[in-house]
Amino acid sequence: KAQTLFRNQTKSTMSKTCNFLGLRVRSNPPLPFSNSSALNLLTAASRPFDRWIRASSRRRLVLGGFAGTFLWMNNMSGNIGGKAFIASARQTNPSPVEQALSKVEWPENFPFKEEDFQRFDESSDSTFYEAPRFVTHIDDPAIAALTKYYSKVLPESETPGVSILDMCSSWVSHYPAGYKQERIVGMGMNEEELKRNPVLTEYIVQDLNVDPKLPFEDNSFQVITNVVSVDYLTKPLVVFKEMNRILKPGGLALMSFSNRCFFTKAISIWTSTGDADHALIVGSYFHYAGGYEPPQAVDISPNPGRSDPMYVVFSRKLPVA
């Protein structure tokens with residue numbers, strides 16, 4: 001009976017998704033993810049961006065609908081709980097993530113649609129993050145790789161006048177040990193987590209999916225960081241425009257991500273695509289928000305194939321003319 005119920009509910013959910021997207025249901029959907037990119041490494045060099053968008057839309061039904069239903073049902077039965085879902089990972093040399101933003105043929109207009117930013121779970125994010133999670137969402141080697149990267153790109157500790165915003169922050173920011181600045185602001189969803197973050201000088205609790213306007217004056221920060229949370233933003237263009245507004249000219253924005261996420265809360269376009277595609281998605285936010293240098297991607301994965309991968313897409317605010 002349980003298996004029959006699962007098949008019927010899966011079929012029902014997929015049918016609704018099909019009606020929304022104007023697609024037909026496959027009778028035997030494939031498994032949620034494989035060990036290759038969902039789009040077979042669709043880098044900008046091999047396929048124009050608009051063709052990539054069409055390809056990803058065709059896959060969203062199977063990867064988003066079926067996988068989302070499967071994970072939701074397991075979560076309800078207590079098999080997954082609060083653990084993050086691990087998406088696909090492909091490790092090759094040279095890294096397709098680093099190639100993803102090379103010579104991109106950007107369409108004239110932002111190519112994503114409203115449904116690309118829908119989630120399987122559209123319930124209140126405030127409720128979802130109400131209970132503090134004093135855990136890390138990437139493994140220790142990935143954390144060490146990110147901290148090492150930060151040690152190279154962040155302003156030197158205790159540099160006079162430096163202000164940093166850690167967006168979507170929690171109880172840890174993964175900055176180098178003992179790192180300090182005059183002002184490091186944490187913005188996140190859970191106050192108890194933010195209180196425990198030793199690097200922060202102040203914090204703000206705010207749901208960016210409800211209110212994407214950043215409560216800071218223009219040209220306030222030299223750096224903005226975001227660790228494994230860009231995939232949850234449902235209004236990314238608004239957020240990235242706000243980021244540009246509050247960055248000082250030449251200021252640096254660092255969006256880091258892995259292949260882990262709370263699957264039901266990540267946006268549809270993210271859960272239906274792979275690592276290289278994610279770099280392209282984040283790069284598009286910088287591009288279409290305007291006011292940034294061409295975005296770049298770096299693969300800082302510490303042990304390809306043996307631990308969590310780690311990637312950073314970054315850009316700088318254009319200097320004042």
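This is a short talk on some strands, two helices and the cavities of one predicted model.

I'll start with the strands. Strand S2 covers residues 163-169. Six of the seven residues in S2 are buried, and the strand is mostly covered. What does S2 pair with? On one hand there is strand S3, residues 183-188, joined to S2 by six bridges, and the two run parallel. On the other hand there is strand S5, residues 221-227, joined to S2 by four bridges, again parallel.

If you want to find these pairings on the screen, take aspartate 166. Its opposite number in S3 is glycine 186. In S5, aspartate 166 stands opposite threonine 225. A second pair to look up is isoleucine 164, whose bridge partner in S5 is valine 223.

From threonine 225 you can carry on to another strand. Threonine 225 stands opposite leucine 254 in S6. S5 and S6 pair in the parallel sense, over six bridges. Is S5 enclosed or open? Six of its seven residues are buried, so S5 is largely enclosed by the rest of the structure.

A general remark while we are on strands: in a regular strand, side chains alternate between the two faces of the sheet.

Next, helix H5, residues 140-153. How far apart should its ends be? With 14 residues, at 1.5 Å a residue, H5 should span 20 Å, and the end C-alpha atoms are 20 Å apart, which agrees. The buried residues in H5 are Ala142, Ile143, Ala145, Leu146, Thr147, Tyr149 and Tyr150. What do they pack against? The buried residues of H5 pack against four strands: S5, S6 (247-257), S8 (296-299) and S9 (311-316). So S5, which we met as a partner of S2, turns up again under the heading of H5.

The other helix is H9, residues 275-289. Its 15 residues should span 21 Å at 1.5 Å a residue; the end C-alpha atoms are 22 Å apart, which agrees. H9 is mostly covered, with 14 of its 15 residues buried. Just after H9 comes glycine 290, with a positive phi of about 85 degrees.

One residue in H9 is worth a look, alanine 276. Why is alanine 276 called buried? The cut-off for buried is under 20% relative accessible area. Alanine 276 has 4% relative accessibility, so it counts as buried. Leaving aside neighbours within four places in sequence, alanine 276 is in contact with Pro96, Val97 and Ala100. Leucine 101 is 175 residues from alanine 276 in sequence, yet their C-alpha atoms are 9.0 Å apart in space.

Last, the empty space. Rolling a probe the size of a water molecule over the atoms shows where empty space is left. How many cavities of 30 Å³ or more are there? The count comes to three. The largest has a volume of about 620 Å³. Its lining is made up of 35 residues, and those nearest its centre are Tyr129, Cys168, Ser169, Ser229 and Tyr232. By type, the lining divides into 17 nonpolar, 10 polar and eight charged residues.

Which strand gives the most to that lining? S2 does, with four residues. Strand S7, residues 260-261, also supplies at least two. That brings us back to S2, which is mostly covered and contributes to the lining of the largest cavity.

Conventions: Residues numbered from 1 in each chain as written. Predicted model: local features only at pLDDT ≥ 70, side-chain atom pairs only at ≥ 80, totals over all residues. Heavy atoms only, no water. Expected span 1.5 Å × (residues − 1). Buried < 20%, exposed > 50% of the residue type's maximum accessible area, 1.4 Å probe, protein only. 1 Å grid on protein atoms, 1.4 Å probe; cavity = no way out; pocket = protein on both sides within 12 Å on 5 of 7 lines; lining within 4 Å. Points joined across faces, edges and corners; volume = space filled by probe spheres on them. Nonpolar A, V, L, I, M, F, W, Y, C, P; charged D, E, K, R; others polar. Contact = heavy atoms within 4.5 Å. Pairing = 2+ DSSP bridges.
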